[in-house]
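Reader: I am new to this structure and would like to go through it slowly. Could you show it, and then answer some questions about how its parts fit together?

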Number of protein chains: 2
Amino acid sequence: MRRVDLSDAECPIARGAGELGDWWSLLILRDALDGIRRFDEFAADLPISPAMLTRRLRTLVDSGLLERRRYSEHPQRFEYVLTPRGRAAQVVVVALLAWGNDQLPPQERAVVLADRDTGREVEPVLVDAVTGTPLKDIRLAAVPGPAASEAMLDRFTTLNARRARRRRDRGAA
Amino acid sequence: MRRVDLSDAECPIARGAGELGDWWSLLILRDALDGIRRFDEFAADLPISPAMLTRRLRTLVDSGLLERRRYSEHPQRFEYVLTPRGRAAQVVVVALLAWGNDQLPPQERAVVLADRDTGREVEPVLVDAVTGTPLKDIRLAAVPGPAASEAMLDRFTTLNARRARRRRDRGAA
DNA sequence: AGCAGTGACTACCATGATGATAGGCACGGC
DNA sequence: GCCGTGCCTATCATCATGGTAGTCACTGCT
């Protein structure tokens, strides 16, 4: 599928987009998080052709999000279970859900999240881990981290220059 | 691009995957959130061909994430700025970043988030808006919401039956 | 022994998306 | 009148997608 390779991109968003940035992968991940494991279970839940499903499962296994595990010896049967990395990708799936639900009044939501133990509905928000402030209330900016390369630093220099120029232009106008 | 149409899917994850589920859209969105607006700015920042960029910008405008705005009359010049819905999609981009950074020790991160006003680093986590509990500490389940259709209810019935069966099997083994 | 059924695929193929290159077009400045 | 800039569009080979049909290794029923 990939014509452009993002797997070794420096930016984590680009890498993430490379791994999760196609709808079948996201949908399969959603199903896996819902407890679906077997080929025919995925096939029954998604409007996907078997050929496509085989391909997608393989790429997800290759990128370490799913593990192909034999659950029966005779005949050989396999199931696909989430790896820790795959389970961690729940943030992304939940973010997608939150984004979709945010635009709907509560009565119009077809899917919501709940605590499996207490049954109480859960409403996901992104906050800063340190202060607890919702990220919506912060003017957020991506900045270079400790491991940023020269090219990455240049990119941010350019971005900042552009921001400053636009501020000036608005001020002058 | 779409061979399967997810735009009117009931599940918000599927709808979201339909709109953001390809890597160029995610990357363009990232750039837009970084303040990039113009065709050639996008083109300079991404290894994308002009034809592809035109197509992607158009689909993002069509799905209401970007707005094509004229900023110069003579000659006509356009820029692409985020709509409110597009800005809201920041959750997804930030989740992608958080997922990628989570797997790296802090010194190896090339991009991090910061508060633009205070300059302090921000570490994004998903929590429940009501209790403030991090979602990682909750056994989460998707459940049908008020607007769930018959088909959606059936899907969850099947999922629950499967979960119960597996619990029994494990108990019996 | 024969046969339908299940689970998990693979082969094949038409069609459509992608990405590269090249070109267009409207203007402004020299 | 010509060059450069900004923003695209045209064309086209190649690759990915999605649909249909078939395979293969069993199991269990008759």
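Author: A residue counts as buried when its relative accessible area is under 20%, as exposed when that area is over 50%, and as partly exposed in between. Please keep in mind throughout that this is a predicted model.

Reader: Is Arg30(B) buried or exposed?
Author: The cut-off for a buried residue is a relative accessible area under 20%. Arg30(B) takes part in a salt bridge with Asp31(B), in which N and O lie 3.1 Å apart, and its partner Asp31(B) has a relative accessible area of 0%. Arg30(B) itself has a relative accessibility of 9%, and therefore it counts as buried.

Reader: Which residue of chain A meets the side chain of Asp34(B) in a salt bridge?
Author: Asp34(B), which is buried at a relative accessible area of 10%, lies in the loop between helix H2 (23-33) and helix H3 (39-45) of chain B. The partner lies in helix H7 (residues 150-172) of chain A, so the pair joins two chains. That partner is also buried, with a relative accessible area of 15%, and the salt bridge, at 3.2 Å from N to O, is made with Arg155(A).

Reader: How many residues apart in sequence are the parts that Glu79(B) and Arg37(B) tie together?
Author: The closest N and O atoms of this salt bridge are 3.7 Å apart. Glu79(B) counts as buried at 7% relative accessibility, whereas Arg37(B) is partly exposed at 23%. Because Glu79(B) lies in strand E2 (residues 77-82) of chain B and Arg37(B) in the loop between H2 and H3 of that chain, the separation of the parts in sequence is 42 residues.

Reader: Which strands stand at the edges of the open sheet of three strands?
Author: The sheet has antiparallel pairing and the order E6(A)-E3(B)-E4(B). Each edge strand has a single partner strand, so one side of each is left without a neighbour in the sheet, and these strands are E6 (140-144) of chain A and E4 (121-122) of chain B.

Reader: What is the bridge partner of Ala142(A) in E3(B)?
Author: E6(A) runs antiparallel to strand E3 (residues 111-115) of chain B, and five bridges join the two. In E3(B), the residue bridged to Ala142(A) is Leu113(B).

Reader: Which helix packs on this sheet?
Author: The helix touches both E6 of chain A and E3 of chain B. Its direction makes about 130 degrees with that of E3(B), and it is H6 (residues 90-102) of chain B.

Key
Residues are numbered from 1 along each chain as its sequence is written. Chains are lettered from A and ligands numbered from 1 in the order in which they are written. This is a predicted model: local features need pLDDT of at least 70, side-chain atom pairs count only at pLDDT 80 or more; totals for chains, interfaces and linings use all residues. Side-chain values use heavy atoms; hydrogens and water are left out. Two strands pair if DSSP finds at least two bridges between them. Helices (H or I, at least four residues) and strands (E, at least two) are DSSP runs, numbered from the N terminus. Contact means heavy atoms within 4.5 Å. Axes are lines fitted to C-alpha atoms, for helices over the stretch in contact, and angles run from 0 to 180 degrees between N-to-C directions. A salt bridge is a side-chain nitrogen of Lys or Arg within 4 Å of a carboxyl oxygen of Asp or Glu. Buried means under 20% relative accessible area, exposed over 50%, partly exposed in between (1.4 Å probe, protein chains only).
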